[in-house]
Amino acid sequence: MEKTINTLVNKAGLPVRSLIIRSIFSGLFIAFGGLGSHIFNTMTGTSYLGAFVFPVGLISVILTGSELFTGNCLMVIPLADNKLGLKRLLKAWVIVYAGNYIGSLTAAFMVRISGLMTMADGRLEALMIGSAVAKTSAPAGILFSKGILCNFLVCLAVYCAMQADSTIGKIFSAYFPVMLFVLCGFEHSIANMYFISLGQLS
């Protein structure tokens, strides 16, 4: 636990420029996971198999040392342990959240102009737009509860990965909780930045 607390405190203390760059890359990585998931769903004709592809996003975040808002919610641990001040935590959260949005929006824009959405005779585009509509049409209470459940599993994935010493250990630690939240249909706020932005650009 002490190792995890120190890691989280160090993350909160990174220079602003470093936080911005790392968080932008995280937004891109999560978007790539979402894109791969949608392509896999389109090609297989099922909405479930994409769950086995989506974890590549968080795995990329962990292995590259990028900063993801949902994973950084673990910073409440050093906050509760009086190792991290509230002001410093909120500053890190705001910067990372904004950077994640920039990365997600950039990915959505690039996917839109790349021609990828014409794959499978337009079925991929239909899936992407349908996903964005569904996510913005659900009742707030449902979205909030699904977001909390999703974030719990993301934090579990990041925490477990922090305990692993090997690359393969980190991959397996992150893979299964993320696969589970996608299978359950939970809502990941950063992934939704990409999905909804792509829908708006269509």
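A crossing is right-handed if the near helix is turned clockwise from the far one by less than a right angle, and left-handed if anticlockwise. Helix 6 passes helix 10 in just such a right-handed crossing. The model is predicted: local features need pLDDT of at least 70, side-chain atom pairs count only at pLDDT 80 or more, and totals for chains, interfaces and linings use all residues. Residues are numbered from 1 along each chain as its sequence is written, and side-chain values use heavy atoms, without hydrogens or water.

**Helix 6 with helix 10**

- Helix 6 and helix 10 (residues 189-201) pack at about 40°, with axes 8 Å apart; helices are DSSP runs (H or I, at least four residues) numbered from the N terminus.
- Axes are lines fitted to C-alpha atoms over the stretch in contact, and angles run from 0 to 180 degrees between N-to-C directions.
- The two helices are therefore oblique to each other (under 35 degrees is roughly parallel, over 145 roughly antiparallel, 65 to 115 roughly perpendicular, the rest oblique).
- Helix 6 residues including Tyr97, Tyr101 and Phe109 meet helix 10 residues including Met193, Tyr194 and Leu198 (contact means heavy atoms within 4.5 Å).
- This contact has 12 nonpolar, three polar and one charged residues (Ala, Val, Leu, Ile, Met, Phe, Trp, Tyr, Cys and Pro are nonpolar, Asp, Glu, Lys and Arg charged, and the others, Gly among them, polar).

**Helix 2 with helix 6**

- The axes of helix 2 (residues 16-44) and helix 6 (residues 86-114) come within 7 Å and cross at roughly 45°.
- That makes helix 2 oblique to helix 6.
- Their crossing is right-handed.
- Gly27 of helix 2 and Gly99 and Gly103 of helix 6 are among the contact residues.
- By class, the contact has 13 nonpolar, eight polar and one charged residues.

**Largest pocket**

- The volume is about 550 Å³ (the space filled by probe spheres set on grid points, joined across faces, edges and corners).
- A pocket is an open set of points on a 1 Å grid over the protein atoms alone, where a 1.4 Å probe fits, with protein on both sides within 12 Å along at least five of seven lines; lining residues have an atom within 4 Å of a point.
- Of 27 lining residues, Ser47, Ser131, Lys135, Val182 and Gly185 lie nearest the centre.
- Helix 7 gives the largest share of the lining, five residues.
- The lining divides into 13 nonpolar, 11 polar and three charged residues.

**Second largest pocket**

- The volume is about 270 Å³.
- Among its 15 lining residues, Thr7, Lys11, Ile62, Val158 and Met162 are closest to the centre.
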